[in-house]
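I opened this model to look up a few local features. My notes follow in the order I took them.

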Amino acid sequence: INLEELRSKVASYFEVSEESLNRRSRGGQVSQARALFCYCAMRKFNYSGTLVGRTLGMGSSSVSRAAQRGEELVLSDKEVGRWLERFLEQ
């Protein structure tokens with residue numbers, strides 16, 4: 001899967017615009033969507049933090065922190081975890 005398609009799927013799940021993932025925001029749906037995107041891109045699809053950061057306009061260390069938050073989200077929110085499992089099976 002390419003990063004654009006992943007961004008589209010994650011944004012759709014969280015009901016936010018793809019463009020909103022590029023904006024700075026703390027908390028809320030956009031922040032969770034960005035965290036899940038970073039987690040999936042880096043940990044599930046093995047994209048580099050640098051490439052993911054370029055896609056979102058973030059630094060690689062910010063992407064790494066967001067990926068960590070994404071992992072915590074997947075582990076703590078069963079609905080998000082189930083969505084991710086279904087998504088990865090496709």
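**Entry 1: the largest pocket.** The model is predicted, and I read every value below with that in mind. I began with the lining of the largest pocket, where α4 gives the most, with four residues. I then looked up how much space the largest pocket holds, and the value is about 390 Å³. The lining numbers 17 residues, and the closest to the pocket centre are Arg-24, Ser-25, Arg-34, Met-58 and Ser-62. Which elements give two or more residues to this lining? I found α2 (28-44) and α4. I also sorted the lining residues by class: four are nonpolar, seven are polar and six are charged.

**Entry 2: Ser-31.** I turned next to Ser-31, which lies in helix α2. Is Ser-31 buried or exposed? Its relative accessibility is 13%, so I logged Ser-31 as buried, the cut-off being under 20%. I then set aside the neighbours within four places in sequence and asked what Ser-31 is in contact with. The contacts are Ser-25 and Arg-26. Ser-25 had already come up in my pocket entry, among the residues closest to the centre.

**Entry 3: α4 against α5.** I went on to a pair of helices. Two packed helices are described by the angle between their axes and the distance between the axes. Here the pair is α4 (residues 60-76) and α5 (residues 78-89). Their axes come within 5 Å and cross at roughly 105 degrees. I wrote down α4 as roughly perpendicular to α5, because angles of 65 to 115 degrees count as such. Which residues meet? From α4 I listed Leu-73, Val-74 and Ser-76. From α5 I listed Lys-78, Val-80, Gly-81 and Leu-84. By class, this contact has four nonpolar residues, two polar residues and one charged residue.

**Entry 4: Glu-71.** I stayed in helix α4 and looked up Glu-71. Its relative accessible area is 27%, so Glu-71 goes down as partly exposed. What does Glu-71 touch, leaving aside neighbours within four places in sequence? I found Tyr-39 and Arg-43 in contact with Glu-71. I also checked a C-alpha separation: Glu-71 and Leu-36 are 35 residues apart along the chain, and their C-alpha atoms are separated by 7.3 Å.

**Entry 5: positive phi.** I moved to the backbone. Most residues other than glycine have a negative phi. I noted Glu-15 as a residue other than glycine with a positive value, near 60 degrees. Where is Glu-15 found? I placed Glu-15 in the loop between α1 (3-14) and α2. Glu-15 is exposed, at 74% relative accessibility.

I made a second note of this kind for Asn-46. Its phi is positive too, near 60 degrees. Asn-46 is found in the loop between α2 and α3 (49-56). With a relative accessible area of 66%, Asn-46 also goes down as exposed.

**Entry 6: two residues of α3.** I closed with helix α3, starting from Leu-51. Leu-51 is partly exposed, with a relative accessible area of 33%. How far apart in space are Leu-51 and Leu-3, C-alpha to C-alpha? I read 9.2 Å, for two residues 48 apart in sequence.

Arg-54 has its place in helix α3 as well. Its relative accessible area is 63%, so I logged Arg-54 as exposed, the cut-off being over 50%. I paired Arg-54 with Asn-22, 32 residues away along the chain. The C-alpha atoms of Arg-54 and Asn-22 are separated by 9.9 Å.

Definitions and conventions: Residues numbered from 1 in each chain as written. Predicted model: local features only at pLDDT ≥ 70, side-chain atom pairs only at ≥ 80, totals over all residues. Heavy atoms only, no water. Axes fitted to C-alpha atoms, helices over the stretch in contact; angles between N-to-C directions. Parallel < 35°, antiparallel > 145°, perpendicular 65-115°, else oblique. Contact = heavy atoms within 4.5 Å. Nonpolar A, V, L, I, M, F, W, Y, C, P; charged D, E, K, R; others polar. 1 Å grid on protein atoms, 1.4 Å probe; cavity = no way out; pocket = protein on both sides within 12 Å on 5 of 7 lines; lining within 4 Å. Points joined across faces, edges and corners; volume = space filled by probe spheres on them. Buried < 20%, exposed > 50% of the residue type's maximum accessible area, 1.4 Å probe, protein only.
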